[in-house]
Amino acid sequence: MRTLWRVAGVVLFAVAVAVFDLVTSARHGFFDLKVYWGALNYWANDGGMLYDYLNPNTLYGFTYPPFAAFVMLPMAWVPWTAAMTISVIATVAVTAVLVWWMIRPIVQRQGWTPWLAFAIAACLVAAYEPMRETVNFGQVNMLLLFLVAADVLLLVARRSPFGGVGIGLATAIKLTPGVFIVYLLVTGRWRAAITASGTAAFVTLVAAVIAPDASREFWLSALWNTDRVGDLGFISNQSLQGVVARLFGDDLKPLWALLVVATLVFWGWRCRLAIQAGDERAGLALTAVLGCLISPVTWVHHLVWLLPALFLIAGDGFRSTGRRRKVMLTVAFLSWAILCSRLVWVWTYRTGGLGGFLGGSAYLWVSIVLLLAIPIDRADDPEDQDLSEGTEEARPSLVA
């Protein structure tokens, strides 16, 4: 009977989340997926130049390296409905696996019922605005996060000779995961860093040999054309560059560079602490948040990269006691709630003043709080961070 009540509660919660998503989600009509699908059809079936294609009545075209086009190439040979279906199924599948990876240590520490904890966590992630945006745009964010997380947690953490391959592939598909190569360098995993760099370089070179014209166009022209990605000051850009652009326009690059350097210094210090403690999960979360902060463009859907940080902070709260428990659970809940709220869109057309500064960049401030709050766990053996073994008991935490 208790199980039936639990199932009924999960079903009601899932229905409530579905209603919430239907009411609050913007209808993007798989816009980004249409760009991928249209560009690949134009390139593979119509004989056009990949980077000449623009989505009809827009200025948006394919912005990823040629290797990404080869990875997505099967899309050119399926109908639009199939492309949408595959996009949704793939995103849901990798998200489910990633959620399980992140909650498994919490479930084992707390003694929770695994299926119930997973179901609740999955519903919370489904309500998360960046996740809704990723699905509605048909974006590749979760696929890349999955690839990087699998590499960091399953290969790099185990010192596998293949550690770095996933990061290299993700970097060759979309340049921003390259921040994880910097993570490997800063934390002294030279072999993994070389593997990641070599993998990215090798598949990029293969793409250049197969499609020299597209590669030349991307690396010499399309990559440097910022008009292809949109207005840096648009409210959806929740990066340090975004808030600087909204305050001062696109010209004050030195201020942005100074903020990036300061963020990198703090991040590097915390990452080194994490690896000294044997906590690869904290390294993953810290670097994912860093990527969102320092990237010139971090649209709202890119903020799915904040999910590992949210899980780590919540997990630390559940295992802690007293004031720390309240603080960490409050940070996790408020961060999640703000990132479900569509709050920044209130200031879409009025980014000036204190309200525009605070509210219009609310997701950026959440990212900064998460960077500060991510806990670092001491592990007697790096294998304690291994996904195959999980984490049996609480460990003391290091928080800056």
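Visitor: Which residues does valine 94 touch, not counting residues up to four places away in sequence?
Guide: Valine 94 is found in helix α4; helices (H or I, at least four residues) and strands (E, at least two) are DSSP runs, numbered from the N terminus. At 12% relative accessibility, valine 94 counts as buried, where buried means under 20% relative accessible area, exposed over 50% and partly exposed in between (1.4 Å probe, protein chains only). In sequence, valine 94 and phenylalanine 146 are 52 residues apart, but their C-alpha atoms are 6.2 Å apart in space. With contact meaning heavy atoms within 4.5 Å, the residues that valine 94 touches are Met142, Leu143 and Phe146.

Visitor: What kind of model is this?
Guide: Residues are numbered from 1 along each chain as its sequence is written, and side-chain values use heavy atoms, with hydrogens and water left out. Local features need pLDDT of at least 70, side-chain atom pairs count only at pLDDT 80 or more, and totals for chains, interfaces and linings use all residues, the model being predicted.

Visitor: At which residue does α4 bend?
Guide: Helix α4 covers residues 80-110, and its 31 residues should span 45 Å at 1.5 Å a residue, the expected span being 1.5 Å times one less than the number of residues. Its end C-alpha atoms are 45 Å apart, which agrees. A bend is the angle between axes fitted to the seven residues ending at a residue and the seven starting there. In α4 this angle is about 40°, with proline 105 following within four residues, and the bend is at isoleucine 103.

Visitor: What phi does glycine 111 take?
Guide: Glycine 111 comes just after α4. Its phi is positive, at about 75°.

Visitor: How far does helix α7 reach from its first C-alpha to its last?
Guide: Helix α7 spans residues 141-156, 16 residues in number. Among its buried residues are Met142, Leu145, Val148 and Val156. The length expected at 1.5 Å a residue is 22 Å, and the reach is close to that, at 21 Å.

Visitor: By what distance are the C-alpha atoms of phenylalanine 67 and threonine 204 separated?
Guide: Phenylalanine 67 is found in helix α3 (residues 66-72) and is buried, with a relative accessible area of 16%. Leaving aside neighbours within four places in sequence, phenylalanine 67 is in contact with Leu169, Ala172, Ile173, Val203 and Ala207. Threonine 204 is 137 residues from phenylalanine 67 along the chain, yet the C-alpha separation is 5.9 Å.

Visitor: Which residue forms a salt bridge with arginine 216?
Guide: A salt bridge is a side-chain nitrogen of Lys or Arg within 4 Å of a carboxyl oxygen of Asp or Glu, and the structure holds seven. Arginine 216 is partly exposed at 47% relative accessibility. Its partner lies three residues away, about one turn of helix α11 (residues 212-220). With the closest N and O atoms 3.0 Å apart, that partner is aspartate 213.

Visitor: Which residues are linked in a network of salt bridges?
Guide: Aspartate 316 and arginine 319 meet in a salt bridge at 3.2 Å, N to O, and the two are about one helical turn apart in helix α15 (residues 307-319). Arginine 319 also meets aspartate 377, at 2.3 Å; aspartate 377 lies in strand β1 (residues 376-377), so this pair ties together parts that are 58 residues apart in sequence. Aspartate 316 is buried at 1%, as are arginine 319 at 15% and aspartate 377 at 12%. The network links Asp316, Arg319, Arg324 and Asp377.

Visitor: Which helix gives the largest share of the nonpolar patch?
Guide: Patches are made of residues with over 30% relative accessible area and no salt bridge, like charges being joined within 9 Å and nonpolar side chains (Val, Leu, Ile, Met, Phe, Trp, Tyr) within 5 Å. Accessible areas come from the Shrake-Rupley method with a 1.4 Å probe; for residues, only the protein chains shown count as cover. The nonpolar patch has about 640 Å² and includes Val15 and Trp115; valine 15 is partly exposed at 46%. Six residues, the largest share, come from helix α1.

Visitor: What value does the positive phi of phenylalanine 30 have?
Guide: Phenylalanine 30 is found in the loop between α1 and α2 and is buried, with a relative accessible area of 17%. Although phenylalanine 30 is not a glycine, its phi is positive, at about 55°.
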